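Trainee: Got a few minutes to go through this one with me? I'd like to start with the helix packing.
Mentor: Sure, pull it up.

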Amino acid sequence: MKEIFKEQWLKDPKTNILAGIVVALALIPEAIAFSIIAGVDPMVGLYASFIIAVTISIVGGRPAMISAATGAIALLILPLVKEHGVDYLLAATILMGIIQVILGLLKVGRLMKFIPNSVMIGFVNALGILIFISQIEHIFDISIDTYIYVIVTLAIVYLLPRYFKAIPAPLIAIIVLTGVYIFFGAKVNTVGDLGEIKRSLPSFFIPDVPLNIETLKIIFPYSLSMALVGLVESLLTAKIVDDATDTFSSKNKESRGQGISNIITGFFGGMGGCAMIGQSIINVKSGATTRLSTFTAGVVLMFMIIVLGDFVVQIPMPILAGIMVMVSIGTFDWSSFKYMKKAPKSDVAVMILTVLSVVFTHNLALGVVVGVIFSALFFATKISNVEVVKHEVDNLIQYQVIGQIFFVSIDSMMNQINLNDEKKQIEIDFKQAHLWDDSAVDAVDTLVRKLSEKNNKVYVINLNENSRKIISELSNMNHEHLK
C-alpha cells in the first residue's frame with residue numbers, strides 16, 4: 001500500500017506540480033465557457049472543476065487524468081436549467097453521481113472491450129476536431145493582435161521543448177505573454193471577458209427541491225443521460241491516457257470515482273462533469289504521471305480564482321486558444337490516413353461515421369454508440385455468409401455447413417439446401433459450424449421438418465458441445481434426428 005501511494009502520488013513531484021499548474025490555467029476559460037453553455041453562473045462551472053479534480057485525484061482509477069466540468073454535460077443540462085433552475089441541476093448532478101457509482105459497482109468498465117479500435121480512432125480524431133473548432137471563436141475576426149498572440153504561442157509551445165524542458169512550454173507561454181499584455185496592452189479578449197469571477201470558496205448546501213416522485217421524474221432522464229455520457233467520455237479518455245503512458249488503470253474504480261466526485265460537487269454548488277481529454281493530454285504531455293498533478297490542477301484553480309483573480313482575468317484568450325490548438329493537433333491521430341488505405345472498408349466506414357456523428361452533434365458518447373452499432377452491423381454482415389457444401393453418393397446426401405449460424409445467417413444457410421429431395425438419407429453436418437441462438441435452432445428444426453415431410457431420413461450430425469446444448473434446450477425435433 002505504501003509503495004502504491006509513493007508511485008501514484010510522490011513520483012517526480014516537481015514535474016507533476018508544474019503540469020497541474022498548466023492544466024489549472026487551461027481549465028479556467030473552459031469552465032466559464034461551459035457554464036455559459038449550460039446557462040448558469042460561471043462559478044458553477046469553476047466550483048465543479050475544482051471539486052471534481054480534487055476528489056477524482058483521490059478516488060479515481062486513472063492517475064494523471066483530468067476531470068472537471070465539460071461541454072458534453074453542459075449541453076445536456078441546458079433544457080433542465082432553463083425550465084426548472086439551478087437547484088434542479090444540482091439535484092440531477094447528485095443523482096448522476098449515484099447512478100455512476102452503481103454502474104461502477106456493476107463493473108461497467110468491462111464494456112470497454114466491446115469498443116472496436118476503429119471507433120477509438122474515430123473518437124480521438126473527432127475530439128481533436130472539436131477541440132480545434134471550439135477555439136475558432138477565440139482566434140478569428142477579433143484583431144491583428146489576436147493573430148500575433150496565437151502565432152507566438154504556437155511557436156513557443158512547439159519549439160521551446162526542443163531546447164528547454166524543465167518548465168512546461170504552455171506555462172512559459174502563459175506567464176510571458178500575459179506579462180507582455182499587462183505591460184504593453186493589446187487589442188485582445190481576456191479570460192475576464194467570458195464572465196465574472198467571484199473570489200469565494202464553495203459551501204455545502206442541499207438543493208432546494210421537493211423530495212418526491214415528481215422531482216425524480218424531472219431529473220432522472222437528465223441524470224441518466226449525464227451519467228452515461230460522462231462515463232463513456234471518462235472511460236475512453238482513461239484508455240487513451242493508458243495508451244499514452246503505457247500503463248493500466250482500473251476502469252471500474254474510475255466509474256465509481258466519477259460518481260463520488262459528481263455527488264460531492266452537486267452538494268457544493270457545482271455542475272456535473274467527467275474526464276477531459278484535452279486537458280488530460282496537456283497534463284500527460286507536460287510530463288505528469290501521478291495523482292498529484294490532478295490534485296494540483298484543482299487546488300491551483302481555486303487558488304488562482306481567490307488569490308490571483310486580478311491576474312487571471314487579464315490572461316489573453318488567444319494564448320489559451322493557441323495552447324488548445326496545439327492540443328488538438330496532438331490529439332488527432334495523423335496515422336489514421338495510412339490506416340484508411342490499409343484497413344478493411346467496413347472499419348474505415350465505422351471510423352468516419354464515428355467522426356461525423358461526433359462533429360455534427362458535438363456529443364462524444366453518441367458518436368461512440370453510433371460507431372459501435374455500425375461496427376456490430378458490419379461484423380454481423382461479414383460473418384453471416386455461410387457456406388454449405390453438398391456431397392451426394394447413391395442414396396446419401398450430406399450437407400456440410402461451414403460458418404456461424406445465428407439470426408442474420410440462417411437465410412444464407414437455408415437457401416443452399418434443396419428442400420425438394422425425396423426418399424433420401426440426408427445428413428446435415430455441423431462439424432465446421434456453430435449454433436448461437438434460438439433463430440439458429442428454429443432454422444435447423446425447420447430444415448429437419450420440411451425434409452422429413454418428403455419421406456427423407458434426416459440426421460443432424462457432429463454438433464459441438466455448446467450447439468448440442470442449445471439444441472437440447474430449445475429444439476422441438478425428435479432425438480432420433482440427432483447423431
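Trainee: So, α3 and α12: are they roughly parallel or antiparallel?
Mentor: Roughly antiparallel. This is a predicted model, and in it the axes of α3 (residues 42-59) and α12 (residues 291-306) cross at roughly 150°. Angles over 145 degrees count as roughly antiparallel, so the pair gets that label.

Trainee: How close do the axes of α3 and α12 come?
Mentor: They come within 8 Å.

Trainee: And is that crossing left-handed or right-handed?
Mentor: α3 passes α12 in a left-handed crossing.

Trainee: Which residues make the contact?
Mentor: From α3, the list includes M43, L46, Y47, F50, A53 and V54. On the α12 side, R291, T294, F295, G298, V299 and M302 are among them.

Trainee: How does the contact of α3 with α12 split by class?
Mentor: There are 13 nonpolar, 4 polar and 1 charged residues.

Trainee: OK, switching to α6. What's the angle between α6 and α14?
Mentor: The axes of α6 (residues 117-136) and α14 (residues 317-331) cross at roughly 160° and come within 8 Å. That makes α6 roughly antiparallel to α14, and their crossing is left-handed.

Trainee: Which side chains should I display for that contact?
Mentor: On α6, take V124, L127, G128, I131, F132 and Q135. On α14, take L320, A321, M324, V325, V327, S328 and T331. By class, those residues of α6 and α14 are 9 nonpolar, 4 polar and no charged.

Trainee: And what about α6 with α16, which angle do they pack at?
Mentor: About 30°, with the axes of α6 and α16 (residues 345-361) 8 Å apart. That makes α6 roughly parallel to α16. The crossing of α6 and α16 is right-handed.

Trainee: Which residues meet there, between α6 and α16?
Mentor: α6 brings S118, V119, I121, G122, F123, N125, A126, I129, L130 and I133. They meet D347, V350, M351, T354, V355, V358 and V359 in α16. The contact of α6 with α16 divides into 12 nonpolar, 4 polar and 1 charged.

Trainee: I also marked I136. Where is I136, and is I136 buried or partly exposed?
Mentor: I136 sits in helix α6. Its relative accessibility is 33%, so I136 counts as partly exposed.

Trainee: How far is I136 from V325?
Mentor: C-alpha to C-alpha, I136 and V325 are 9.2 Å apart in space, with their positions 189 residues apart in sequence terms.

Trainee: New topic: S249. Where is S249?
Mentor: S249 is in the loop between α9 (213-245) and α10 (251-267).

Trainee: Is S249 buried or exposed?
Mentor: Buried, because its relative accessibility is 2%.

Trainee: What does S249 touch?
Mentor: Setting aside neighbours within four places in sequence, S249 contacts G61, R62, A238 and D242. With D242, the S249 side chain makes a side-chain to side-chain polar contact of 3.0 Å.

Trainee: Last bit, the overall picture. How many helices and strands are in the chain?
Mentor: The protein chain has 20 helices and 6 strands. Its C-alpha atoms fill a box of roughly 100 × 55 × 50 Å along the principal axes.

Trainee: And what share of the residues counts as buried?
Mentor: 53% of the 483 residues. As for contacts with a separation of 6 or more, 83% come from residues 24 or more positions apart.

Conventions. Residues numbered from 1 in each chain as written. Predicted model: local features only at pLDDT ≥ 70, side-chain atom pairs only at ≥ 80, totals over all residues. Heavy atoms only, no water. Axes fitted to C-alpha atoms, helices over the stretch in contact; angles between N-to-C directions. Helix = DSSP H or I, 4+ residues; strand = E, 2+ residues; numbered from the N terminus. Parallel < 35°, antiparallel > 145°, perpendicular 65-115°, else oblique. Left-handed = near helix turned anticlockwise from the far one by under 90°. Contact = heavy atoms within 4.5 Å. Nonpolar A, V, L, I, M, F, W, Y, C, P; charged D, E, K, R; others polar. Buried < 20%, exposed > 50% of the residue type's maximum accessible area, 1.4 Å probe, protein only. Polar contact = N/O pair within 3.5 Å; in protein donor to acceptor, adjacent residues only side chain to side chain.
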